[in-house]
Amino acid sequence: MRFVGLDVGERRIGVASSDLMGLIANAVGNVVRADNDLEGDLQKTADKIRELGGEAVVIGLPKNMNGTIGPRAESVMAFAEALKEKIDVPIHFWDERLSTVEAHKTMIDAGMSRSKRKNKVDSVAAVLILQGFLDFKGR
């Protein structure tokens with residue numbers, strides 16, 4: 001089963017995809033969001049999920065550090081609800097606290113320049129979100 005992971009940000013949506021066995025997550029890229037065009041963002045995201053052959057979607061849920069749901073998480077949940085109207089696959093949430101921080105650290109450790117990190121951080125965060133979900137599911 002192929003899973004698609006999403007890191008829903010305000011400017012970009014990082015996208016990752018699993019292998020067909022649902023074991024390993026790989027960065028796919030980003031969906032660049034348009035200003036004040038939620039419908040367009042949803043359509044581009046749904047098209048990407050279909051293009052990748054996604055059979056289920058894992059969306060990072062940015063909970064507060066104390067585990068509560070704040071405004072950012074509510075925004076992501078609303079995006080997911082609207083996305084359900086565009087795709088006919090299950091959507092799962094995965095706690096993504098500190099995934100962007102971890103993505104930056106991983107890229108710094110790999111020696112990636114700041115300018116390259118800026119364009120890749122969302123897709124790397126999507127990989128971390130999806131891989132965390134796949135590892136948990138595989139236990």
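This is a short tour of one helix pair and three salt bridges in a predicted model. Residues are numbered from 1 along each chain as its sequence is written, and side-chain values use heavy atoms, without hydrogens and water. Local features need pLDDT of at least 70 and side-chain atom pairs count only at pLDDT 80 or more, whereas totals for chains, interfaces and linings use all residues.

Select helix α1 (residues 38-52) and helix α2 (residues 71-84); helices are DSSP runs of H or I with at least four residues, and strands are E runs of at least two, numbered from the N terminus. The two helices pack at about 65 degrees with axes 10 Å apart, the axes being lines fitted to C-alpha atoms over the stretch in contact and the angles running from 0 to 180 degrees between N-to-C directions. They are therefore roughly perpendicular (65 to 115 degrees).

Show the contact residues next (heavy atoms within 4.5 Å): Leu38, Asp41, Leu42, Thr45, Ala46 and Ile49 of α1, with Phe79, Ala82 and Leu83 of α2.

Stay on aspartate 41 and add arginine 33: they form a salt bridge, with the closest N and O atoms 3.0 Å apart (a side-chain nitrogen of Lys or Arg within 4 Å of a carboxyl oxygen of Asp or Glu). Both residues are buried (under 20% relative accessible area; exposed is over 50%, partly exposed in between, with a 1.4 Å probe and protein chains only).

Further along α1, select aspartate 47 and arginine 50, another salt bridge at 3.0 Å. Aspartate 47 is partly exposed at 37%, and arginine 50 is partly exposed at 45%.

Finally, select aspartate 122 and arginine 12, whose side chains meet in a salt bridge (2.6 Å, N to O). Aspartate 122 lies in helix α4 (residues 114-138) and arginine 12 in strand β2 (residues 12-18), so the pair ties together parts 110 residues apart in sequence.

Conventions: Angles under 35 degrees count as roughly parallel, over 145 as roughly antiparallel, 65 to 115 as roughly perpendicular and the rest as oblique.
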